[in-house]
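These are my notebook entries on one protein structure. I record what I looked up and the cut-offs that apply.

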Amino acid sequence: MSQPPRTEVLRYTAFSADPDGGNPAGVVLDATGLDDAAMLAVAAGLGYSESAFLTAPDGRGGYTIRYFSPRAEVPFCGHATVATAIALAERDGPGDLVFTTRAGKVPVTVAREGGELRATLTSVEPHVTEIAPDDLAEALAALDWRAADLDPALPPRIAYAGARHLVLAAATRERLADLDYDFARLEALMRLLDLTTLQLVRRESESVFHVRDPFPVGGVVEDPATGAAAAAFGAYARERGIVPDSAVLTLHQGADMGRPGTLTVELRPEDTRIRVSGTGTRIG
């Protein structure tokens, strides 16, 4: 099935109020006429790391949402969720939404702060698991990192909050900045482990982190701002006890690739789910 001519494909960036910052996403607010092949074709044509497609509105702020990278469908995408929520808020006004994703239901609240719209998503139930030593060794080899390049205070783990991400903490900001990896080798390992991205992290302070996200399984070298990985990292940070049970974390992403963005991660002691928020704006 080809893309129907009336399908409107919007372009938004998430986690930045600057169209040249953050992570761009395609947004289709009415994808009822598109089958899987057509949605994949739209995503591939845009070339963004993910695009979002809405169907089945219930009239009360609920929608079914699907996400496609240029190569395949993914279960959950944070930045495309934020982009879609802001697009809906511009059309219908700020408020509460509920997106039904392949990973589960994701509530989103959009509020106006000053002159900007800010969307806050609440993740599905997260969890954190260990990575096998052989798999870790292969990940480091694909990145061309040594064991000494890791921060021993933040040990490697696989974290999930809608999608699986391998968290690796760099010992220095210079190590994080120097990203030149074996695309095919890392992609093969990520497919084996069912990983969406690698969440590469450098801790600047108690609550401020710099992150980068290789995304070869999506056909993209690097994701500029990754909401799903930010949520997974929030779960990781809590599980490892590196932040308090009640905390607000700031993640800076995209500066190394010329698209700076800021992701805010909130942990609440009474709720194991992770909240990720950011601004966004239409492109063009």
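**Entry 1: Overview**

How many helices and strands does the secondary structure of the protein come to? I counted six helices and 17 strands. Helices (H or I, at least four residues) and strands (E, at least two) are DSSP runs, numbered from the N terminus.

I noted that this is a predicted model, in which local features need pLDDT of at least 70 and side-chain atom pairs count only at pLDDT 80 or more, whereas totals for chains, interfaces and linings use all residues. Residues are numbered from 1 along each chain as its sequence is written, and side-chain values use heavy atoms, with hydrogens and water left out.

I then looked up the overall dimensions. Along the principal axes, the C-alpha atoms fill a box of roughly 55 × 40 × 30 Å. The radius of gyration is 18 Å, which agrees with the value near 19 Å for a compact globule of 284 residues. This radius is taken over C-alpha atoms, and the globule rule is 2.2 Å times the number of residues to the power 0.38.

Of the 284 residues, 56% count as buried. Buried means under 20% relative accessible area, exposed over 50%, and partly exposed in between (1.4 Å probe, protein chains only). I also looked up contacts, meaning heavy atoms within 4.5 Å. Among those between residues at least 6 apart in sequence, 64% join residues at least 24 apart.

**Entry 2: Helix 1**

Which residues of helix 1 (residues 36-46) are buried? I found A38, M39, V42, A43 and L46. Seen down the helix axis, these buried residues fall within an arc of 135°, so they line one face of helix 1. The arc is that of the directions from the helix axis to the C-beta atoms. Their cover includes strand 1 (10-14), strand 2 (23-28), strand 3 (50-55) and strand 4 (62-68).

I inspected both ends of the helix. At the start, a side-chain oxygen of D35 comes within 3.3 Å of the backbone nitrogen of A37. After helix 1 comes G47, with a positive phi near 80°.

**Entry 3: Helix 3**

In helix 3 (residues 133-143), I found D135, L136, A139, L140, A142 and L143 buried. They cover an arc of only 160° around the axis, which puts them on the same side of helix 3. P133 and D134, on the other side, are exposed. Strand 11 (164-169), helix 5 and strand 12 (197-203) are among the elements that cover the buried residues. Just after helix 3, D144 has a positive phi of about 65°.

**Entry 4: Helix 6**

Why do I describe helix 6 as largely enclosed by the rest of the structure? Twelve of its 14 residues are buried, so the description follows. Among them are G227, F233, Y236 and R238.

I also checked the span of helix 6 (residues 227-240): its end C-alpha atoms are 20 Å apart, in agreement with the 20 Å expected at 1.5 Å a residue. The expected span is 1.5 Å times one less than the number of residues. G241, just after the helix, takes a positive phi of about 70°.

**Entry 5: Nonpolar cores**

A nonpolar core is a set of buried Ala, Val, Leu, Ile, Met, Phe, Trp, Tyr and Cys residues joined through side-chain atoms within 4.5 Å. Which members of the largest core touch the most other members? Of its 61 residues, they are F99, V108, F209, F233, L249 and L251. I noted a second, separate core of 25 residues, which includes I131, W145, I158 and L189. In soluble globular proteins, nonpolar side chains tend to be buried together.

Beyond four places in sequence, L249 is in contact with S207, F209, F233, A237, V243, L263, T264 and V265.

**Entry 6: Buried E222, E187 and R157**

E222 lies in strand 14 (residues 220-223) and counts as buried at 11% relative accessibility. A polar contact of 2.8 Å joins the side chains of E222 and R212. A polar contact is a pair of N or O atoms within 3.5 Å; within protein, one must be able to donate a hydrogen and the other to accept it, and residues adjacent in sequence count only if both atoms are side-chain atoms. The C-alpha atoms of E222 and M257 are 8.4 Å apart, although 35 residues separate them along the chain.

E187, in helix 5 (residues 183-193), is buried with a relative accessible area of 14%. R157, in strand 10 (residues 157-160), counts as buried at 13%.
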